[in-house]
Amino acid sequence: MPLHRQIFLALLVGILLAAGLSQVDPGSRALALEISRVIGNLFLNALKAVALPLVVVTLIAGIGNLNQRLGRLGALAISFYGLSTLLAVLVGLFVANTIAPGLHATAPAGGWLASAGAAGSLPALASPSWADSLLAIVPSNLFKAANEANLLALVLFALLVGMAIRTLPEALREVQRQFWDGLQQVLLTLVLWLLKAAPIGVAALVCNSASQMGWAALQPLAWFMATVIIGLLIHAGVSLGLVLWQLARVSPRDHARAMSPALWMAFSTASSTATLPLTLRCLNERAGVDPGVTSLTVPLGATLNMDGTALYECVAVLFLAQLLGFDLSLADQLVVVALSLATSIGMAGIPAASLVAIALILQRLGMPAEALGLLLITDRPLDMCRTAVNVWSDSVAARMVARYAQRSAG
């Protein structure tokens, strides 16, 4: 059975297990959930353990093997990431104002703030200063940066090493190419072994998440969830679909079919970093994209390209403003757009990054940060959706850059 079908069936099995566990006694349910949590986290931790070194090795190998000028391909990829993220935020702004999910609530603002306090405790929302953010990009200890999942620092290091390899004499450069290519193949082999256990890990993750979401508690926030999902579908299907069709000259349906294993993995794990090895495999083997292009664009995209996250932040802020009775002017909404763009990239490596970013935007607009408690209920299912869109956007960028590279070579 193809991997994407296995993962899809695992999603269904996880949901059915969660539904079945709701009917058993609390003691047995707690034990089953703990087992599923451990199994799911074992699978996710194993993927992340391989994904971080794979990001570094893939970038180094990809840049060292590039036959074209690095500057043009890198500039094209980064420009696409910026434009696609801006487009995602504008789509979020449009659907949030059109559907107005916060205006469908019947409870007064004070009641919603009380519900936010009862929804759960917020994580520590400490925003780093500009100096700390800049120093984190160039850490004194790369192993510490890897331990903290500081992807920006690791990507910068890999870019510099790859560019340094390109300056070596041909004999030394060939030795370096063979070393990094071999190391990349070793890591990809480990990934292939891990993917054989993907259905079990996905079923465990989904079972645990679905059991703890509290579906009844989602009813007051159904309009918000629907708005986010509609915005993500419009951006992924229409905006990025047009990019595939017009710029990359690829059928969106064929590309979606080729990327389906990675998209299901991104949806089930809610981690674009953990999905990165499978994203590379789908692009190289199923979509036929040149590994030299994917080695550059996909690791960069996993770090810099956060379309789904930016759209979610924009819709979340407007939803809370509508819910609490804050009338945001056009200038305020443009501030939301700008801050959603900036924070979706700059805070990608921070735990609870979206919540940190939304807290900063709320503070900038003079809104109570405790309203974030309402979003905790929906964070996991919407995180799964926006991560899938992030991975889809990375793959679209790889397709577009590959077409440009092909035309330049021709």
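Colleague: How many of the residues of H12 are buried?

Modeller: This is a predicted model. In it, helix H12 is mostly covered, with eleven of its 15 residues buried. The buried set includes Ser 272, Thr 273, Ala 274 and Thr 275 at the start of the list. Leu 276, Pro 277, Leu 278, Thr 279 and Leu 280 are buried too. Cys 282 and Leu 283 complete the set.

Colleague: Where does H12 bend?

Modeller: At Leu 278, by about 35 degrees. Leu 278 is also one of the buried residues of H12.

Colleague: What follows H12?

Modeller: Gly 288, with a positive phi near 70 degrees.

Colleague: Which residues of H12 meet in a salt bridge?

Modeller: The general idea first. Side chains of opposite charge can pair when their charged atoms come close. Here, Arg 281 and Glu 285 form a salt bridge, at 3.4 Å from N to O.

Colleague: Why can residues three or four places apart in a helix point the same way?

Modeller: An α-helix has 3.6 residues a turn, so such residues point the same way. In H12 (residues 272–286), Arg 281 and Glu 285 are four residues apart, about one helical turn.

Colleague: Are Arg 281 and Glu 285 buried or exposed?

Modeller: Arg 281 is partly exposed, at 31% relative accessible area. Glu 285 is exposed, at 59%.

Colleague: How many salt bridges does the structure hold?

Modeller: Five. One of them joins Glu 34 and Arg 37, whose closest N and O atoms are 2.6 Å apart. Both residues sit in helix H2 (residues 26–65), three residues apart, so about one helical turn separates them. Glu 34 is partly exposed at 38%. Arg 37 is partly exposed as well, at 34%.

Colleague: Which residues of helix H11 meet in a salt bridge?

Modeller: Asp 254 and Arg 257, at 3.1 Å from N to O. They lie three residues apart in H11 (residues 252–269), about one turn of the helix. Asp 254 is partly exposed, with a relative accessibility of 43%. Arg 257 is partly exposed, with 48%.

Colleague: Now backbone angles. Which residues have a positive phi although they are not glycine?

Modeller: Start with the rule. Most residues other than glycine have a negative phi. Ala 100 departs from that, with a positive phi of about 50 degrees. Arg 249 does too, with about 55 degrees.

Colleague: Where do Ala 100 and Arg 249 lie?

Modeller: Ala 100 is in the loop between helix H3 (70–99) and H4. Arg 249 is in the loop between H10 and H11.

Colleague: Are these two buried or exposed?

Modeller: Ala 100 is buried, at 9% relative accessibility. Arg 249 is exposed, at 54%.

Colleague: Which residues make the nonpolar surface patch?

Modeller: Phe 179, Leu 183, Val 186, Leu 190, Leu 192 and Trp 193. The patch covers about 560 Å². Take Leu 192 as a case. It lies in helix H8 (residues 170–195). Its relative accessible area is 37%, so it counts as partly exposed.

Colleague: What about the surface of the whole chain?

Modeller: The accessible surface comes to about 18,500 Å². Carbon and sulfur atoms hold 66% of it. Of the 410 residues in the chain, 50% are buried.

Colleague: How many helices and strands does the chain have?

Modeller: There are 17 helices and zero strands.

Colleague: What share of the contacts joins residues 24 or more positions apart?

Modeller: Such pairs account for 86% of the contacts with a separation of 6 or more.

Colleague: Last, confidence. What is the mean pLDDT of the chain?

Modeller: It is 80, and 81% of the residues reach 70 or more.

Colleague: Which elements have the lowest and the highest mean pLDDT?

Modeller: Helix H4 (residues 109–119) has the lowest, 49. Helix H10 (residues 222–247) has the highest, 93.

Colleague: Where does pLDDT stay under 50?

Modeller: Over residues 115–125. The model has 20 contacts beyond four places in sequence for that stretch. Keep the general caution in mind. Where pLDDT is low, the predicted coordinates should not be read in detail.

How values were computed: Residues numbered from 1 in each chain as written. Heavy atoms only, no water. Salt bridge = Lys/Arg side-chain N within 4 Å of Asp/Glu carboxyl O. Helix = DSSP H or I, 4+ residues; strand = E, 2+ residues; numbered from the N terminus. Buried < 20%, exposed > 50% of the residue type's maximum accessible area, 1.4 Å probe, protein only. pLDDT = per-residue confidence, 0-100. Contact = heavy atoms within 4.5 Å. Areas by Shrake-Rupley, 256 points an atom, 1.4 Å probe, with all protein chains shown as cover. Patch = residues over 30% accessible without salt bridge, like charges linked within 9 Å, V, L, I, M, F, W, Y side chains within 5 Å. Bend = angle between axes of the 7 residues up to and from the residue.
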